[in-house]
There are 2 protein chains.
Amino acid sequence: MRYKMVVAYDGAFFHGFQRQTNLISVQSVLEDTLTEILKTEVIIHGSGRTDALVHAYGQVVHFDSTQLVPPKNLKKILNKKIYPHIYVSDIELVDETFHSRKSAKGKEYHYIVDIGEYDPLQNNYVLYHHNRIDLEKIKKAMTYIVGTHDFKSLSKNKELKTTVRTIKSFDLDVVGTRLTFKIIGNGFMYNMVRIIIALMLKVGEGKLEVEDVPRILEAKNRRLVPWVAPARGLYLMKVFYEEI
Amino acid sequence: MRYKMVVAYDGAFFHGFQRQTNLISVQSVLEDTLTEILKTEVIIHGSGRTDALVHAYGQVVHFDSTQLVPPKNLKKILNKKIYPHIYVSDIELVDETFHSRKSAKGKEYHYIVDIGEYDPLQNNYVLYHHNRIDLEKIKKAMTYIVGTHDFKSLSKNKELKTTVRTIKSFDLDVVGTRLTFKIIGNGFMYNMVRIIIALMLKVGEGKLEVEDVPRILEAKNRRLVPWVAPARGLYLMKVFYEEI
């Protein structure tokens, strides 16, 4: 039996998604709890890793088990045991061709920046940004990110076959002092979203020009953007398994 | 010099407001930090205690110091040092007749209940309530709380001169699945807001009738309401120093 699960978690309480020796991770909690419930060893395969402090509402994982438990029952039992910092919002049985990572066609991330007064209750959930920023410049810079580009300048990976990715959309919602960046693409390399957000904020602050963005992309040089926005404002919202 | 400060904090990170030996509290962080900054011992006087996990946006404290630091500068230095779980939103110099607790004329608390799907990122900030509740019954029951009553049945204190308090207003805002109870009164005894919220939820669930509320108040018997809503949904929003 192959199970697919949609998982939400508060990244502030884990050392990232991936299992690490002696550190609590989302994967270790899910594997240990499912192994206990199903009484056979469970290996969790995620759609991708998220770093420590990165949140998720729509992480997708799959695992195989010889035990058949109706998904509705499993959801109830599992959520009771993993409470309170992880919540499985959906479980379904899928056929064995489904793979959480290999079948993924795209992902949606949000990044939240707040330019208002500091709220200590929101510290783990948004990036407070108190330098003056020009939203019109940011919006113009965002248009250069959309499309199919070589994102070598905006990622940290070193041993990838290709650094070409397609960004389907990149939007900015502004509600009061809260800026929510919403980005959908066919794939994101390590730290890519956080580097893009850091770049947008530099443009907004006037430390870079809007026209520097296409120049940086064309340069394919990792050293041009040495900034990474903090993990705490980043949310994995959705993994797409149909063409985006 | 007497300083008045308005303080916000995330209750999830402290063992309550009040200093306790070997436990981190809001008072101990403020006292230790101000003592370090002002280089003379600072004693913080709060408008009242809040329990572990209770949040505040409008806690008020005062302290005396022979050191004069312009409030704007002190706010900047202090917030830098107490970051991230406490934030002082305002500091002003007041005359020595002002006392954060004794001068207070009233307080406003909010309590947040969410009846929607569980969100692990909100666990420290709202009470999730998944039994079906009747909001019309709750609204009727709330009207019995407003006014001047002996709240002996709805508090835990044992050695008070009087258990009579005046509730000026008690409102319920509903936005989506989120219920925000807003209560303003001239004083609240230990656990009083959380006991009132628990009582309202029992009425909403149909486990008590609306008309049980005035009967419980009249009975002046602490044993009739053995329930206390969890701390995590409670927020001290404001302390009033003018007649409410």
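## Contacts along the chain

Let's start with how chain A is knit together: 72% of its contacts with a separation of 6 or more are made by residues 24 or more positions apart. Keep in mind that this is a predicted model. Of the 244 residues of chain A, 36% count as buried.

## Overall build

Chain A is made up of five helices and 10 strands. Its radius of gyration is 19 Å, close to the 18 Å given by the globule rule for 244 residues, so chain A is as compact as a globular protein of that length. Measured out along the principal axes, the C-alpha trace of chain A spans about 55 × 40 × 30 Å.

## Two domains

The domain assignment splits chain A into domain 1 (2-94) and domain 2 (106-240). The C-alpha centres of these two domains of chain A are 28 Å apart.

Where the domains meet, 14 residues of domain 1 of chain A are in contact with nine residues of domain 2 of chain A. Sorted by class, the domain 1 side of this contact in chain A holds seven nonpolar, six polar and one charged residues.

## Where chain A meets chain B

Now for the partner chain: chain A and chain B each bring 16 residues to their contact. On the chain A side, the elements giving two or more residues are strand S1 (2-9) and strand S4 (86-94). The largest share, three residues, comes from S4(A).

As for its chemical make-up, the side of chain A that touches chain B has nine nonpolar, four polar and three charged residues.

Conventions:
Residues numbered from 1 in each chain as written. Chains lettered and ligands numbered in written order. Predicted model: local features only at pLDDT ≥ 70, side-chain atom pairs only at ≥ 80, totals over all residues. Helix = DSSP H or I, 4+ residues; strand = E, 2+ residues; numbered from the N terminus. Rg over C-alpha atoms; globule rule 2.2 N^0.38 Å. Buried ≥ 20, exposed ≤ 12 C-beta atoms within 10 Å, placed from the backbone. Contact = placed C-beta atoms within 7 Å. Nonpolar A, V, L, I, M, F, W, Y, C, P; charged D, E, K, R; others polar. Domains from an automatic or database assignment.
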